[in-house]
Amino acid sequence: MRKVLLVLLVSVVGLAAPQITPTPFRFGLIYWVDMNPLPLPRCYPSPAGIVANMFEFFGFPSPETIGEWWVPEKAEGADREALRAQLVAEGRLSPLGFLAPTLEPDTYWIIRPLKLGEREISPLVLMLFPDVELLNAELRNYMISGLFMPDGEWGCAELPWEPWICDLLGRNFPPTVFVAFVEITPEPFISWSIFHEIAHWVFHVWLEENGVPDELVPPLLLEGLARYTEAKVSATPEILVRCRELAAVWAQEGSLVDTPFPLIYEVGASLVEFLVQKMGWKEFLSALPSFILDWENYVAAWEPGWRAWLSTKISDQAQVLYQAELQLLGTCTAMVNPLFPEARKHVQEIRSTEDIVQFWNLLEGPVPGPSPELWAALERRELTFLHVAKALGREDLYSQALELLADLQKLREEGNWEKYVALFLRGVREIIGRVSETLEVPVP
Ligand SMILES: [Zn+2]
């Protein structure tokens, strides 16, 4: 299967590498992708403020910087890895720090680790994109609005990003948060995802501190805890109300153990909120390592209490949101945006199940004729089918996505726009929306 995938990937046309500008950041480094660096105090929410609050929330002291972070020391060398080895040997660079390429050729900044109490931790790279579309395009994934990566293993090997990202971050890939600016206010506004992604980073540090390997953490807990923390640290209690409502709808037909991927954020956050209300946040954190090590037994024991805690009257609105979430309508919208730009507004205004049916009907309508921009915009989205199938953990859908990609590639090479678009939209419907499995109301 891997071989097929690699052959397909070679055919994906890369974007021209964007302009990257580094600026020092109190907790590491910021890379500005295709945009001029902004003075951080003008950006809302403030990245440094979120980092400090998040560490405090997890019971840590605020990470301290070593030396003058605002003027990083420079080092020069033609071979980055050789330079790194030399600096580490000379004691000028800690193995936890990293060498960041600057705008000058063969010149690097030495980014020092942070001090967390007595311990050193890796600093953070914050990669900021001017908009979500570019973030999706460069990561070749239209399922996300932000991302945290503790290392480059996944994005630089398995389902690759645009190659410049791996070149930039190098072999000693530092913990990295990818987020974008969004147009909400005239002031520069960073997507709220930044709370969620920084929560992932701090939880990663917390796991290290407690000697728990990341891969032992079940997805329901990983995403549920990030969503819970995001709501708490951003002081947005509405997030948790929504999670509880969606979890209540899910609890009518499923359980904690078989929560499907599109719902793990909400169901997971509801479980964390339930446990924290029962035992307190501090106690929850101290018990967390034992919970993780014996997860299945704990979940089975919590299930009846969690259900009883949830049982509220379910609103029609929650039912509709639940269905939209289960069908990953946000991802579907991002996928079809070049063809149906009006779909985004339609999805934002969904109020009833009929509105969801109408969304799918909209995709049956006429599409614009081919243009080089549209071909490129859809091609950039193709790998998302694999990302979704993988996230859903469905081998059947993964094979279906691989086949779809091969067929799309063929039609692209033939320049058969009509058939290509029809097949692309079928993929959105069957692999991402899984309409036949997830839509309760028959589609006319
Ligand atoms: Zn997450």
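**A hairpin, its neighbours and the helices around them**

Strands S1 and S2 form a hairpin with two residues between them; strands here are DSSP runs of E of at least two residues, helices are runs of H or I of at least four, and both are numbered from the N terminus. The model is a predicted one, in which local features need pLDDT of at least 70 and side-chain atom pairs count only at pLDDT 80 or more, while totals for chains, interfaces and linings use all residues. Residue numbers start from 1 along each chain as its sequence is written.

Within the hairpin, S1 (residues 20-25) and S2 pair in the antiparallel sense over six bridges, where pairing takes at least two DSSP bridges between two strands. Ile20 has Val33 of S2 as its bridge partner. S2 also pairs with strand S9 (residues 124-129), this time in the parallel sense and over five bridges. There, Trp32 is matched with Leu128 of S9. Five of the six residues of S2 (residues 28-33) are buried, so the strand is largely enclosed by the rest of the structure. Buried means that 20 or more other C-beta atoms, placed from the backbone, lie within 10 Å of the residue's own; 12 or fewer makes a residue exposed, and anything in between partly exposed.

Another piece of sheet turns up elsewhere in the chain. Its three strands run in the order S3-S7-S8, with antiparallel pairing, and the sheet is open. S3 (64-65) and S8 (119-121) sit at the edges with a single partner strand each, so one side of each has no neighbour in the sheet. S3 pairs with S7 (residues 114-116) over two bridges, in the antiparallel sense, and Glu64 stands opposite Lys115 in S7.

Next come the helices. H8 (residues 219-233) has 15 residues and spans 21 Å from its first C-alpha to its last, close to the 21 Å expected at 1.5 Å a residue; that expected span is 1.5 Å times one less than the number of residues. Since 13 of its 15 residues are buried, H8 is largely enclosed by the rest of the structure. Ala235 follows H8 and has a positive phi, near 50°.

Further along, the axes of H18 (residues 384-392) and H20 (residues 417-432) come within 10 Å and cross at roughly 10°. That makes H18 roughly parallel to H20, given that angles under 35 degrees count as roughly parallel, over 145 as roughly antiparallel, 65 to 115 as roughly perpendicular and the rest as oblique. The axes are lines fitted to C-alpha atoms, for helices over the stretch in contact, with angles from 0 to 180 degrees between N-to-C directions. Phe385, Val388 and Ala389 of H18 make the contact with Gly427, Ile431 and Ile432 of H20, contact being C-beta atoms, placed from the backbone, within 7 Å.

Ser191 lies in the loop between strand S12 (189-190) and helix H7 (193-209). With 21 C-beta neighbours inside 10 Å, Ser191 counts as buried. Neighbours within four places in sequence aside, Ser191 is in contact with Val132, Ser145, Gly146, Val179, Ala180 and Val182.

As for the chain overall, its secondary structure comes to 21 helices and 12 strands. Of its 444 residues, 36% count as buried. The radius of gyration is 23 Å, which agrees with the value near 22 Å for a compact globule of 444 residues; it is taken over C-alpha atoms, and the globule rule is 2.2 Å times the number of residues to the power 0.38.

Definitions and conventions. Contact = placed C-beta atoms within 7 Å.
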